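Biologist: Please take one part of this model and look at it closely, working outwards from a single element to whatever surrounds it. Give me the cut-off behind each term when it first comes up, and keep the account connected.

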Amino acid sequence: MNTLASPTPAPTAPETAARGSDPDSHRWYPKGTHITVRGLTKRFDGATIYENFDLDIPKGKIISIFGPNGCGKSTLINMISGILPFDSGRILFEGKEAWETRMGYVFQNYREAVFPWMRAIDNIRYPLQYLDIPKGERQARVDRLVENFEVKFDLNRYPYEMSGGQQQLVSIMRALVVDPEVLFLDEPFSALDYETVMVLRGQLQAVLTERQVTTLLVSHDLDEAVLLADEVMLLTKRPTRVSERLAFEAPRPRTADTTVGEEFIRVKTRALEIFQSEVRK
Ligand SMILES: Nc1ncnc2c1ncn2[C@@H]1O[C@H](COP(=O)(O)OP(=O)(O)O)[C@@H](O)[C@H]1O
Ligand SMILES: [Mg+2]
């Protein structure tokens, strides 16, 4: 196994002693891994969602998370992103803690996620105030995003003057403006019409491929989960485990044509088989 220790001293973990003589052993991760989850346990009101759950997420890839309703998809990305506390376990990013890692998060409900009292442009800029970067660089980042996403509407508009798709686009740009190491998306397109979804998916895919951001995408739409992913991760019912991980290596950019390809159909069919056998349990 490839081992790497972080340059920063390891915060002492209560369970470290039980893991052998190396106090840094919780920082070990296989080569090419970005996110390491070890021994994760999460309960809600006594119901166990995750029990001693392990996971390795590769760096710079798009991972789709697909699984039965209520199995804990949102819970998982919320714990990894540091939004939600867990009962025990460790989650590290190339050996670093969550607070040492730049992240972006796109919520499912854009209506509650964009700040209604701020213009689109100020929503997008908002996280930059927390980063120590020069003013010129801030503007350059926003300009680059506007160019990447081919934004055609007036960014001086307030959210109430924007369509749902435009609001979610603002939300995606706000998540990316920090130049995140990890991006989380929780069913980001589920509340939008099909035409808007197709455009946003295409743009997001282009940006993520160019920037190679490690991305965790929760989707309840299997076509979308496969289409965007380098890997589809299928979850079981609770207590939740990874049932199977399916690689999808079709060339990018992926379009509607991709979905009639042999490889797409093979991966989707297998994913559906696993999903159905899981929901029947
Ligand atoms: N804050 C909470 N308090 C209690 N139960 C919760 C809470 N959040 C989620 N749950 C429960 O945990 C399970 C997993 O939820 P969630 O991660 O939202 O599922 P999904 O896979 O649909 O995203 C569900 O049964 C849900 O009801
Ligand atoms: Mg959810």
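Modeller: β6, helix α6 (residues 194–211) and β7 make a right-handed β-α-β unit, where right-handed says that, with the strands pointing away from the viewer, the path from the first strand over the helix to the second runs clockwise. Helices (H or I, at least four residues) and strands (E, at least two) are DSSP runs, numbered from the N terminus. This is a predicted model, in which local features need pLDDT of at least 70 and side-chain atom pairs count only at pLDDT 80 or more, while totals for chains, interfaces and linings use all residues. Residues are numbered from 1 along each chain as its sequence is written, and chains are lettered from A and ligands numbered from 1 in the order in which they are written.

Within the unit, β6 and β7 are paired in the parallel sense over five bridges, pairing being accepted if DSSP finds at least two bridges between two strands; Asp-186 has Val-218 of β7 as its bridge partner. β7 is also paired with β3, again in the parallel sense, over four bridges, and here Ile-63 has Leu-216 of β7 as its bridge partner. Five of the five residues of β7 are buried, so this strand is largely enclosed by the rest of the structure; buried requires 20 or more other C-beta atoms within 10 Å of the residue's own, exposed 12 or fewer, and partly exposed lies in between, with C-beta atoms placed from the backbone. Thr-214, Leu-216 and Val-218 point one way from β7, whereas Thr-215 and Leu-217 point the other way, and all are buried. The loop that leads from α6 to β7 holds Gln-212, a residue other than glycine whose phi is nonetheless positive, near 55 degrees; with 11 C-beta neighbours inside 10 Å, Gln-212 counts as exposed. Asp-179, in the loop between α5 and β6, also has a positive phi near 55 degrees without being glycine, but Asp-179 is partly exposed, with 14 other C-beta atoms within 10 Å.

On from β3 the account reaches β8, for four bridges join these two strands, which run parallel, and Phe-66 has its bridge partner in Leu-234 of β8. Four of the five residues of β8 are buried, so β8 too is largely enclosed by the rest of the structure. One residue to look at here is Val-232, which, leaving aside neighbours within four places in sequence, is in contact with residues including Ser-64, Phe-66, Leu-246 and Phe-248; contact is counted if the C-beta atoms of two residues, placed from the backbone, lie within 7 Å. Val-232 is, with Ile-65 and Phe-184, among the residues that touch the most other members of the largest nonpolar core, which has 56 residues; such a core is a set of buried Ala, Val, Leu, Ile, Met, Phe, Trp, Tyr and Cys residues joined through C-beta atoms within 7 Å. Helix α5 (residues 164–176) gives the most to this core, with six residues.

β8 is also paired with strand β9 (residues 242–247), in the antiparallel sense and over five bridges, and the two form a hairpin with six residues between them. Pro-239 is found in that loop between β8 and β9, and the peptide bond from Arg-238 to Pro-239 is cis, with omega near -10 degrees. Pro-239 is touched by Glu-51, which also touches Thr-41, not counting residues up to four places away in sequence. Glu-51 has its place in strand β2 and, with 17 C-beta neighbours inside 10 Å, counts as partly exposed.

The last neighbour is helix α1, whose buried residues are Lys-73, Leu-76, Ile-77, Met-79 and Ile-80. They cover an arc of only 160 degrees around the axis, which puts them on the same side of α1, the arc being that of the directions from the helix axis to the C-beta atoms. What covers these buried residues includes β1, β3 (62–66), β4, β6 (182–186), β7 (214–218) and β8 (231–235), and α1 thus returns us to both strands of the β-α-β unit.
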